[in-house]
Structures are given as C-alpha cells and as structure tokens.
Amino acid sequence: MPVPRLECIYGNAGCDYLYSNNVFLKPLWWTEALSSLRDQITALTGYKFHIVIGNQYRSGQDSIGWHSDNEPSMGFNPAIASVSLGSCRKFQIKPRNGRPTDFWLEHGSLLVMHPGCQSTHLHQVPKTNKVVSTRINLTFRPHTGGNR
Ligand SMILES: O=C(O)CCC(=O)C(=O)O
C-alpha cells in the first residue's frame, strides 16, 4: 500500500527498519550533510542516532496520520529529533486519549520528542487544502543494531 509522501532512509549498516508491519526500509550510508546534522543534534541534545528517515511532502495532500514511533528496532523509549525544511506544515501531538496541540514546523526548526513521548503520545502531519509546496522532514532515530 503506497504511503501519501515519499520516504527514504540513511544510516548505519545493518539498521534495517520495518514499520507498520509492512514497510521495509534499508538504509543508504550517511551523506556528509546528514552525518554533520546528526552530530550537531547529538551535541545539542545528548542523544545518539543511528538512522535518519526522510519524508517528502510534495503538496498539502501528502501527510502522515496519527501514530507513534514505537518500532522495537529503536529500543525502549527512544528519543527522536525532527528537522523540517521547506514549506511550513502543521504538526499535531496529543496524549493517546487527549486533545491535540498544534505546532507550526518552520524551515530549519528542530523538534525533539524525548524518551517516553512515543508511549504516551501520538503525532501526525494532517493534509491541508491550502496551497503549500514541498516540505522535507528528517527524523533522526536510534536503532538497537546501530552499535555494530
Ligand atoms: O513530518 C513530520 O514532521 C513528522 C514525521 C513523522 O511523524 C514520522 O516520520 O514518523
């Protein structure tokens, strides 16, 4: 089943990533720009990352629905750092049974979901009928195979 956005993955060898039980991503090796960004975020946050997933939202009709990033390959209570580039889109986060809070993720913004967030909260980037051009989002994540 195709997802309503384009996806890619970069990261350490062996850090294959399976999500929603049916999407399998095999990382390409880090580019210099991505590893430099990873290292800057690690210096800022203290969190280590082994993979980065890129999402491209080509228009307002591209989106990602309510979910949490709880794949076992990230280990227990992962910290996830999210960098946004290009068009500004609404990012919503809510407690599993609660009301959403909206954030507008602008070009160059860094959003950090600290350990614990994925077990208590869901997040999404909803579709919009406003005219928006491309947005790229990079989520830096740990991977339990990442220290090999
Ligand atoms: O595009 C975003 O800001 C969120 C991406 C996301 O939720 C994900 O990759 O799991």
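The legends below accompany an overview and several close-up views of a predicted model of one protein chain.

Residues are numbered from 1 along each chain as its sequence is written. Because the model is predicted, local features need pLDDT of at least 70 and side-chain atom pairs count only at pLDDT 80 or more, while totals for chains, interfaces and linings use all residues, and side-chain values use heavy atoms, with hydrogens and water left out.

**Figure 1. Overview of the protein chain, with its 2 helices and 11 strands.** Read from the N terminus, the elements follow the order β-β-β-α-β-β-β-β-β-β-α-β-β, where helices (H or I, at least four residues) and strands (E, at least two) are DSSP runs numbered from the N terminus. The C-alpha trace spans about 45 × 35 × 35 Å along its principal axes. The radius of gyration of the protein chain is 15 Å, which agrees with the value near 15 Å that a compact globule of 148 residues would have; this radius is taken over C-alpha atoms, and the globule rule is 2.2 Å times the number of residues to the power 0.38. Of the 148 residues, 47% are buried, buried meaning under 20% relative accessible area, exposed over 50%, and partly exposed in between (1.4 Å probe, protein chains only). Among contacts (heavy atoms within 4.5 Å) between residues at least 6 apart in sequence, 74% join residues at least 24 apart.

**Figure 2. Surface and charged side chains of the protein chain.** The accessible surface comes to about 8100 Å², and 57% of it belongs to carbon and sulfur atoms; the areas come from the Shrake-Rupley method with a 1.4 Å probe, and for residues only the protein chains shown count as cover. There are 15 positive and 9 negative side chains, and the centres of the two sets lie 6 Å apart. Lys and Arg count as positive and Asp and Glu as negative, whereas His and the chain ends are not counted; each charge is placed at NZ of Lys, CZ of Arg, CG of Asp or CD of Glu.

**Figure 3. Close-up of Gln-124 in strand β10 (residues 121-125).** With a relative accessibility of 12%, Gln-124 counts as buried. Its side chain makes a polar contact with the side chain of Gln-92 at 2.6 Å; such a contact is a pair of N or O atoms within 3.5 Å, and within protein one must be able to donate a hydrogen and the other to accept it, with residues adjacent in sequence counting only if both atoms are side-chain atoms. When residues up to four places away in sequence are not counted, Gln-124 touches Ile-64, Gly-65, Trp-66, Lys-90, Phe-91 and Gln-92.

**Figure 4. Close-up of Phe-103 in strand β8 (residues 101-105).** Phe-103 is partly exposed, its relative accessible area being 37%. Although Phe-103 and Lys-90 are 13 residues apart along the chain, their C-alpha atoms are separated by 5.8 Å, and Lys-90 is among the residues that Phe-103 touches, together with Arg-89, Phe-91 and Ile-93, not counting residues up to four places away in sequence.

**Figure 5. Close-up of Ile-51 in strand β4 (residues 51-57).** At 0% relative accessibility, Ile-51 counts as buried. Beyond its neighbours within four places in sequence, Ile-51 is in contact with residues including Ile-9, Tyr-10, Gly-11, Cys-15, Tyr-17 and Trp-30, as well as Thr-139, Phe-140 and Arg-141. The C-alpha atoms of Ile-51 and Pro-27, which are 24 residues apart along the chain, are separated by 7.5 Å.

**Figure 6. Close-up of His-67 in strand β5.** The side chain of His-67 reaches the backbone oxygen of Gly-65 at 2.7 Å. With neighbours within four places in sequence left aside, His-67 is in contact with Leu-122 and His-123, and its C-alpha atom is separated by 9.6 Å from that of Arg-96, 29 residues apart along the chain.

**Figure 7. Close-up of Asn-77 in the loop between β5 (64-67) and β6 (80-86).** Asn-77 has a phi near 50°, a positive value in a residue other than glycine. Most residues other than glycine have a negative phi. At 29% relative accessibility, Asn-77 counts as partly exposed.
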